[in-house]
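Student: I would like to go through this model with you and ask how each label is earned. Could we start with the words themselves?

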Amino acid sequence: MDEGGGPDGEEGPYRKRTLTLSEQIDYSVSHIRHTLSSMEQGGINPAFEEEENERGDPSIQVTKFDSEDACNSIKPDADEVYSQLKPYAGMPKEVLLLYSSQARYKVLREVLFWLTVACTLVLIALTITVIALSPRCLSWWQMSPVYQIYPRSFKDSDGDGVGDLKGILQQLDHFQYLNIKSIWVSPFYRSPMKDFGYDVEDFRDIDPLFGTMQDFEELLTEMHKRDLKLIMDFIPNHTSDKHRWFNLSRSGDPHYRDYYVWTDCNASNPKPNNWVSIFGNSSWSYDEVRKQCYYHQFLKEQPDLNFRNPDVRKEISDLIHFWLKKGVDGFRMDAVKHIFEAEHLRDEQQVDPNKPPEITTEWDLYHDFTTTQIGLHDLLREWRAEMDVYSREPGRYRFLVIESYDYHEIEKTMMYYSTPLVKEGDFPFNFYLLDLPQNTSGFWVKHLVDLWMSNMPKGQWPNWVVGNHDRARIGTSVAPYVRAINMMLLTLPGTATTYYGEEIGMQNINITQDQSLSRDPQRSPMQWSDGVNAGFSLQSNATWLPVHPDYKTVNVEVQKKNESSVLAQYRSLNSLRESELPLHRGWFCYVHTDASVFSYLRELDGLNRAFLIVLNFGKEAAVTDLSAVNELPSQLSVLMSTVHENTGKSVSKSQIRTEAGEGLLIRFNSNKKFNQNHQEQCYISEKACYLGAMDILYKC
Ligand code: GLC
Ligand code: MG
């Protein structure tokens, strides 16, 4: 160190120099000595003295001597002396120790230490309690309706008259406008289109009609940017007869021989048994190349895969990984009940044994050997487990919805729900409301709703479907009730499915050819505007199916401008569903049902705000008397009516009037909870209570 420079490089008569560590210690010790002698002479506070030194009093000599010496030399009677000293800055360890071992400091330290320990424990306990008491957060597929896009019909970007992936990309604003977060897109794999994409030629490729893999990736990226989830259609049961596997199988390639279900049969009468296809007639076809029959539950161009072959299982599971790795958010599993069939190939029993054995439709047989065979649920659980591997990051839950029409065998449908021990589907589609047009009445609708609610395993999440690409549009079959149906779907507990166009009340188109089995009527182009081709395809004259003639008024653009439109009502109901706790996770309780009216309420324990829904599915206006419902205030105000003029009206609970097809959403305040006195009429997926003071939910 430069001898001439002070710590700050100061120059002057009393130039300071930086002391080495041992010099500093020595200085301290001498400082103590000096202090002691000063005290003997009159007790000067060392702090003052130091100040003086700092001011430059040269009377204090920095004497060097061995620090050990110093300690030894100050040891005798130091305790006594130090105890009279006040602590000061820069005091040496020895002094510090003397102070710190004084009782008052010791106690203080102990107190602080135990206080810190106690606080930490309390914090840990609080955290555990909060975690234990918090109800599960809802997942993305519970937060909004699932919107189904039929890609041929949604939006055509390249003017060939057929919708495509770029078209979907162009219309993503629509979902943000509607506050919809999850979108299921019907198949867009490479396909000969015999069943419009449900006959897959290559599961790893996009059909050129819909775009390219790059278009798909762009769509997915853009959707994720906007916080939208993409659910793919996955078709495990069958492939197209143009699939490479089928070609290799029919030509007898040893690896692919058993990829499909083959059996010997008579070329002139290729019916090894009486099994029948969903699309009618025998489910067996003769193959000229292999000289055997192959099984197809759907079209003859859709041969069924043989899931008893481990190689097939491996192929399908690889495909699941392929799409999960690409980042898709879930799968809609197509036609799963058909995945296995009995190996013995015995005839199925006829429903009516007196009928001639010429079986032509699926309704003629009991399907004990071709549907829901042993092994099906194990397979689905394997797939679910594979999806779970991709579900672990926050916000990346992969969703599984099952398609299975089990009709009156509802317990078979419910088997697809997970159990507390084994995970399977998040839900199987609830197709029971598709029967709503059979008999529109309050009793009937309640019956259909209750079919699901009373059969669903405890704690599971319901869902509601009123239309899809396979079923006639509800907008046609029960046109006057479309608004009330939308109100019901968005206020019932669980997740609604919205088939494209339901949000504007689209109807079936009239198809003049043989209509009986055609599914075209419900697949007409989405009606975006009153412009060319309803805005579905801007460049082409010919769209793949005609646009419905009502598109001038039934379209998104026009309805956006009209606050009483089907679209405006759908949109506000959906926003309300998201923002109102009782609507998306509260109790659901039946309140009243008659030939016309179906009424229920939604409430949450701990929250005074609740909702009453009154839907008129009758042919005439009705007046409902709910004066016996004590939990309701006597005067009620209509938050929303599907008959726009009635919104905001005040009604008495003893006289709630509804027009035929009208739906009322009533918000009311009450601290009496209906579910507490009517448990048998109420249902909740997962109980939660609201704590107003802290604005939190807790398990209760
Ligand atoms: C599903 C589809 C239907 C298709 C069938 C065969 O039921 O919804 O459109 O024809 O499976 O894949
Ligand atoms: Mg196109």
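Tutor: Happily! A residue is called buried when its relative accessible area is under 20%, exposed when that area is over 50%, and partly exposed in between. Keep in mind that this is a predicted model.

Student: Then why is methionine 193 called buried?

Tutor: Its relative accessibility is 14%, and buried means under 20%, so methionine 193 counts as buried. This residue lies in the loop between strand E3 (189-190) and strand E4 (202-206).

Student: What does methionine 193 touch, not counting residues up to four places away in sequence?

Tutor: Methionine 193 touches Arg152, Asp199, Asp207, Leu209 and Phe210. A contact here means heavy atoms within 4.5 Å. As for a partner further along the chain, serine 240 is 47 residues apart from methionine 193, with their C-alpha atoms separated by 8.9 Å.

Student: What makes aspartate 160 partly exposed, and what makes aspartate 164 buried?

Tutor: Aspartate 160 has a relative accessible area of 36%, which falls between 20% and 50%, so it is partly exposed. Aspartate 164 has 3% relative accessibility, under the 20% limit, so it counts as buried.

Student: Which protein atoms are the donors of the magnesium ion (ligand 2)?

Tutor: They are Asp156 (OD), Asp158 (OD), Asp160 (OD), Val162 (O) and Asp164 (OD), lying 2.2 to 2.4 Å from the ion. A donor is an N, O or S atom within 2.8 Å of this metal, so these distances satisfy the definition. Along the chain, the donors follow the spacing D-x1-D-x1-D-x1-V-x1-D. Water is not among the atoms, so a site may look incomplete.

Student: How do you know that the largest pocket lies between domain 2 and domain 3?

Tutor: Both domain 2 (140-236 + 312-339 + 375-576) and domain 3 (237-306 + 341-372) give residues to its lining, so the pocket lies between them. Its volume is about 1,200 Å³. Of the 44 residues that line this pocket, the closest to its centre are Phe279, Asp470, Arg471, Leu517 and Arg519. By class, the lining has 16 nonpolar, 16 polar and twelve charged residues.

Student: And what makes a space a cavity instead of a pocket?

Tutor: In a cavity, a 1.4 Å probe fits but cannot get out, whereas a pocket is open. The search of the whole structure finds one cavity of 30 Å³ or more. About 60 Å³ of space lies in the largest cavity. The elements giving two or more residues to its lining are helix H17 (474-477) and helix H18 (482-491). H18 provides the largest share, four residues. Among the lining residues are Val466, Ile474, Val482, Leu489 and Glu502. Sorted by class, the lining has six nonpolar residues, three polar and one charged.

Student: Why is proline 582 called buried?

Tutor: Its relative accessible area is 0%, and the limit for buried is under 20%, so the label applies. Proline 582 is found in helix H21 (residues 581-585). Leaving aside neighbours within four places in sequence, its contacts include Arg602, Glu603 and Leu604. The C-alpha atoms of proline 582 and arginine 602 are separated by 5.5 Å, although the two are 20 residues apart along the chain.

Student: Glutamate 603 is a charged residue, so what makes it count as buried?

Tutor: The label rests on accessibility: at 2%, under the 20% limit, glutamate 603 counts as buried. Its place is in strand E15 (residues 597-603). Beyond its neighbours within four places in sequence, glutamate 603 is in contact with residues including Pro582, Trp587, Lys672 and Lys673.

Student: What makes the phi of alanine 534 worth a remark?

Tutor: Most residues other than glycine have a negative phi. Alanine 534 is not a glycine, yet has a positive phi of about 55°. This residue sits in the loop between strand E13 (495-499) and helix H19 (556-560). At 0% relative accessibility, alanine 534 also counts as buried. Leucine 345 likewise has a positive phi of about 55° without being a glycine, and is found in the loop between strand E9 (330-333) and helix H14 (376-389).

Conventions. Residues are numbered from 1 along each chain as its sequence is written. Chains are lettered from A and ligands numbered from 1 in the order in which they are written. This is a predicted model: local features need pLDDT of at least 70, side-chain atom pairs count only at pLDDT 80 or more; totals for chains, interfaces and linings use all residues. Side-chain values use heavy atoms; hydrogens and water are left out. On a 1 Å grid over the protein atoms alone, a cavity is a set of points where a 1.4 Å probe fits but cannot get out, and a pocket is an open set with protein on both sides within 12 Å along at least five of seven lines; lining residues have an atom within 4 Å of a point. Grid points are joined across faces, edges and corners, and a volume is the space filled by probe spheres set on the points. Ala, Val, Leu, Ile, Met, Phe, Trp, Tyr, Cys and Pro count as nonpolar, Asp, Glu, Lys and Arg as charged, and the others, Gly among them, as polar. Domain bounds come from an automatic or database domain assignment. Buried means under 20% relative accessible area, exposed over 50%, partly exposed in between (1.4 Å probe, protein chains only). Donors are N, O and S atoms within 2.8 Å of the metal (3.2 Å for Na, K and Ca); water is not among the atoms, so sites may look incomplete.
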